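Student: Could you take me through one part of this protein in close detail? I would like to see how charged side chains pair up in it.

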Amino acid sequence: MCHLILALPVLGLAAFWLWSMPVAIAVYAGIFLLSLSLYYFIFLAMRRPVVTGTEAILQGTGKVIEVHGHRVRVRVQSEIWNAESLDKLRAGDRVSIMGVNGLVLRVRRLSGGRNANIASAVSR
C-alpha cells in the first residue's frame, strides 16, 4: 500500500490518456502537490526518534527493585523488567541498560551507586 502512495505521480500520468490536456494538467498538478505534501510528512515521521519498544530503553537508566544473585528486577520508564548484571547490585541502585536479550535486560551499575543522579547519567 505504501508503494502506491510513492507512485502516485506515475499513476497520475494516466490522466493524460483519459482527459483533454487542460483538464489532465489540472488533475495531475493536484496529484503532484498531494504527493509532495505526503512525502514531506513521511520524511518527518521517519526522522522522529524511537519512543517505544526495546530501542527506546537502550542506553537508558533504571532503578533496582529486587536482587536475586545476578538476576535483578529493575524499574525502567514505569515498567518492571527482569535483568541480569555482572556487577554487585543492591535494591535502590541506579543502573544503565546496556542491552536486551529477549525479555531480559543487561544492566550495569552507574558510578555513584545508590545516590547517582539520573540527570548526570543522561548527560554522559
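Tutor: Happy to help; we will start with the whole chain, then look closely at the paired side chains, and end with a contrasting residue. Please keep in mind that this is a predicted model.

Let's get our bearings. The chain has six helices and five strands. Reading along the sequence, you meet them in the pattern α-α-α-α-α-β-β-β-β-β-α. There are 124 residues in the chain, and 24% of them are buried. The accessible surface adds up to about 9,000 Å², with carbon and sulfur atoms accounting for 63% of that.

Now for the close look. The structure contains two salt bridges. Take the pair R71 and E84: their side chains meet in a salt bridge, with 3.8 Å from N to O. Find R71 in strand β2, which covers residues 71-76, and E84 in strand β3, which covers residues 79-84, so this pair ties together parts that are 13 residues apart in sequence. How open are these two partners to the surroundings? R71 has a relative accessibility of 45%, so it counts as partly exposed. E84 comes out at 29%, and is therefore partly exposed too. To place those values, remember that buried means under 20% and exposed means over 50%.

The other pair is E66 and R73. Here the side chains meet in a salt bridge with 4.0 Å from N to O. E66 is partly exposed, with a relative accessible area of 35%, and R73 is also partly exposed, at 32% relative accessibility.

For contrast, turn to A24, which you will find in helix α4, spanning residues 21-47. A24 has a relative accessible area of 0%, so it counts as buried. What does A24 touch? Leaving aside residues up to four places away in sequence, A24 is in contact with A15, F16 and W19. You can also check its spacing to L13: the two residues are 11 apart along the chain, and their C-alpha atoms are separated by 8.4 Å.

One last view takes in the chain as a whole. Consider the contacts between residues at least 6 apart in sequence: 34% of them join residues at least 24 apart. As you turn the model, try finding R71 and E84 where their side chains meet, then E66 and R73 in their own salt bridge, and finally the buried A24.

Definitions and conventions. Residues are numbered from 1 along each chain as its sequence is written. This is a predicted model: local features need pLDDT of at least 70, side-chain atom pairs count only at pLDDT 80 or more; totals for chains, interfaces and linings use all residues. Side-chain values use heavy atoms; hydrogens and water are left out. Helices (H or I, at least four residues) and strands (E, at least two) are DSSP runs, numbered from the N terminus. Buried means under 20% relative accessible area, exposed over 50%, partly exposed in between (1.4 Å probe, protein chains only). Contact means heavy atoms within 4.5 Å. Accessible areas come from the Shrake-Rupley method with a 1.4 Å probe; for residues, only the protein chains shown count as cover.
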